[in-house]
Amino acid sequence: MSERKVLNKYYPPDFDPSKIPKLKLPKDRQYVVRLMAPFNMRCKTCGEYIYKGKKFNARKETVQNESYLGLPIFRFYIKCTRCLAEITFKTDPENTDYTMEHGATRNFQAEKLLEEEEKRVQKEREDEELNNPMKVLENRTKDSKLEMEVLENLQELKDLNQRQAHVDFEAMLRQHRLSEEERQRQEQEEDERETAALVEESRKRRLLEDSDSEEDTNPTQPQPALRPNPTAILDETPKAKRKAESWERSVGTLGSRPQLSGLVVKKTGLDTSIRRGRAPPLPGVMKNGQVAGPAPQMPGTSSLSQLGVYSDSEDSSGSN
């Protein structure tokens with residue numbers, strides 16, 4: 001069984017490499033490569049900013065009739081991410097950089113252009129001095145004259161500053177000393193005010209605490225509530241009333257029957273009239289020329305109690 005990965009191939013004895021047909025590909029053929037934007041640029045069509053490092057699927061080709069020291073120069077075609085306009089740039093092996101060619105403008109290129117301009121002027125001057133010795137002398141004379149003018153201007157500025165700026169160090173130190181004393185005096189006054197405020201506050205707090213302590217030590221003694229005597233109500237209530245109340249609690253009241261109340265006669269009036277041998281005055285009879293009203297009833301007695309009193313009076317009169 002042969003190996004899967006063969007490194008050497010078999011060439012027959014009659015192999016002739018010249019008979020192998022060669023592919024005729026165009027020299028300006030293009031390849032699709034994946035690359036990143038080499039610098040910041042802005043699209044001329046829509047104004048979209050394309051930042052350095054953005055990835056594109058670009059087409060790559062070799063620039064014809066352009067090279068640097070035998071190194072080929074390549075051109076890349078990309079499309080704007082917004083308007084799909086074509087943007088081209090190519091390599092610059094001379095400056096190890098890329099140059100913008102079409103469809104966009106490179107950003108942050110002012111410093112680079114300035115440096116390139118300075119290099120161009122310096123190179124032209126060196127080339128001119130190399131071919132013309134008199135030009136070298138003229139350039140040296142101009143440089144020395146310019147340097148002397150610069151030094152004179154600098155010295156004039158120094159003299160002008162010295163004439164206009166008279167610095168009195170003693171006055172500066174005196175002013176600084178006065179400002180320090182004023183600051184210390186203000187700080188001392190502020191500390192004294194704070195101390196006085198604290199002392200006053202502590203004094204007021206102490207007075208309040210003393211007044212509170214005096215009130216706590218001498219409280220007003222509350223008058224003890226007089227406890228009522230449980231038997232006082234018995235002394236205040238008459239015996240007849242107590243008897244009527246006990247009767248009402250045990251038997252009931254007849255106050256709702258007005259016909260029985262008319263049969264009751266007071267014991268006191270009947271008893272006294274019988275004992276004295278006089279008839280009791282009848283209701284409605286003139287007394288001293290006036291008509292007497294009906295006999296008043298005691299508000300505190302009931303009909304049954306009056307009936308009991310009447311029966312007692314009859315028993316007493318019968319016994320007599």
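Contact, as the term is used here, means heavy atoms within 4.5 Å. In the predicted model, Cys83 meets this criterion with Cys43, Thr45 and Cys46, once its neighbours within four places in sequence are left aside. Cys83 is placed in the loop between E5 and strand E6, the latter spanning residues 86-92, and with a relative accessible area of 30% this cysteine is partly exposed.

Cys83 also belongs to a group of four cysteines for which the UniProt record, an unreviewed entry, gives the feature "binding site", namely Cys43, Cys46, Cys80 and Cys83. Although these residues are spread over 41 residues of sequence, they cluster in space, the largest C-alpha distance among them being 8.8 Å. Cys46 is situated in the loop that runs between strand E2 (41-43) and strand E3 (49-50), and, when residues up to four places away in sequence are not counted, Cys46 touches Cys80, Arg82 and Cys83. The four cysteines can also be described by their accessibility: Cys43 is buried at 3% relative accessibility and Cys80 is buried with a relative accessible area of 1%, whereas Cys46 is partly exposed at 26% and Cys83 is partly exposed at 30%.

The arrangement of these cysteines raises the matter of covalent pairing, since a disulfide is a covalent bond between the sulfur atoms of two cysteines. With the cut-off for such a pair set at sulfur atoms within 2.5 Å, the count comes to 0 disulfides. For Cys43, the closest cysteine sulfur is that of Cys83, and because the two sulfur atoms are 3.8 Å apart, they are too far from one another for a bond. Cys80 is likewise in no disulfide, the nearest cysteine sulfur being that of Cys46, at 3.6 Å.

A second set of interactions is centred on Arg75, which is located in strand E5 (residues 71-79). Arg75 counts as buried, because its relative accessibility of 15% falls under the 20% limit that applies to buried residues. Its side chain is joined to that of Glu101 by a polar contact of 2.8 Å, and Glu61, Arg75 and Glu101 are linked in a network of salt bridges. Beyond its neighbours within four places in sequence, Arg75 is in contact with Arg59, Lys60, Glu61, Val63, Phe89, Lys90 and Glu101, a list that includes both of the glutamates of the network.

Across the whole structure, 18 salt bridges are found, and several of them can be described within individual helices. In helix H1 (residues 110-131), Glu124 and Arg120 lie 4 residues apart, about one turn of the helix, and their side chains form a salt bridge with an N to O distance of 2.8 Å. Glu124 is partly exposed, with a relative accessible area of 44%, and Arg120 is also partly exposed, at 40% relative accessibility.

Helix H3 (residues 169-217) contains Arg203 and Glu200, which are separated by about one helical turn because they are 3 residues apart. The side chains of Arg203 and Glu200 meet in a salt bridge at 2.5 Å, N to O, and both residues count as partly exposed, Arg203 at 35% relative accessibility and Glu200 with a relative accessible area of 32%. In helix H3 there is also a pair formed by Glu201 and Arg205, 4 residues apart, or about one turn of the helix; the closest N and O atoms of the salt bridge between Glu201 and Arg205 are 3.2 Å apart. Here too the partners are partly exposed, with 43% relative accessibility for Glu201 and a relative accessible area of 41% for Arg205.

With regard to the protein as a whole, the secondary structure comes to 8 helices and 10 strands, and buried residues make up 14% of the 320 residues. Of the contacts with a separation of 6 or more, 43% are accounted for by residues 24 or more positions apart. The protein exposes about 28000 Å², of which carbon and sulfur atoms supply 54%.

How values were computed:
Residues are numbered from 1 along each chain as its sequence is written. This is a predicted model: local features need pLDDT of at least 70, side-chain atom pairs count only at pLDDT 80 or more; totals for chains, interfaces and linings use all residues. Side-chain values use heavy atoms; hydrogens and water are left out. Helices (H or I, at least four residues) and strands (E, at least two) are DSSP runs, numbered from the N terminus. Buried means under 20% relative accessible area, exposed over 50%, partly exposed in between (1.4 Å probe, protein chains only). A polar contact is a pair of N or O atoms within 3.5 Å; within protein, one must be able to donate a hydrogen and the other to accept it, and residues adjacent in sequence count only if both atoms are side-chain atoms. UniProt positions are given in the numbering used here, feature names are shortened, and annotations may be inferred rather than shown by experiment. A salt bridge is a side-chain nitrogen of Lys or Arg within 4 Å of a carboxyl oxygen of Asp or Glu. Accessible areas come from the Shrake-Rupley method with a 1.4 Å probe; for residues, only the protein chains shown count as cover.
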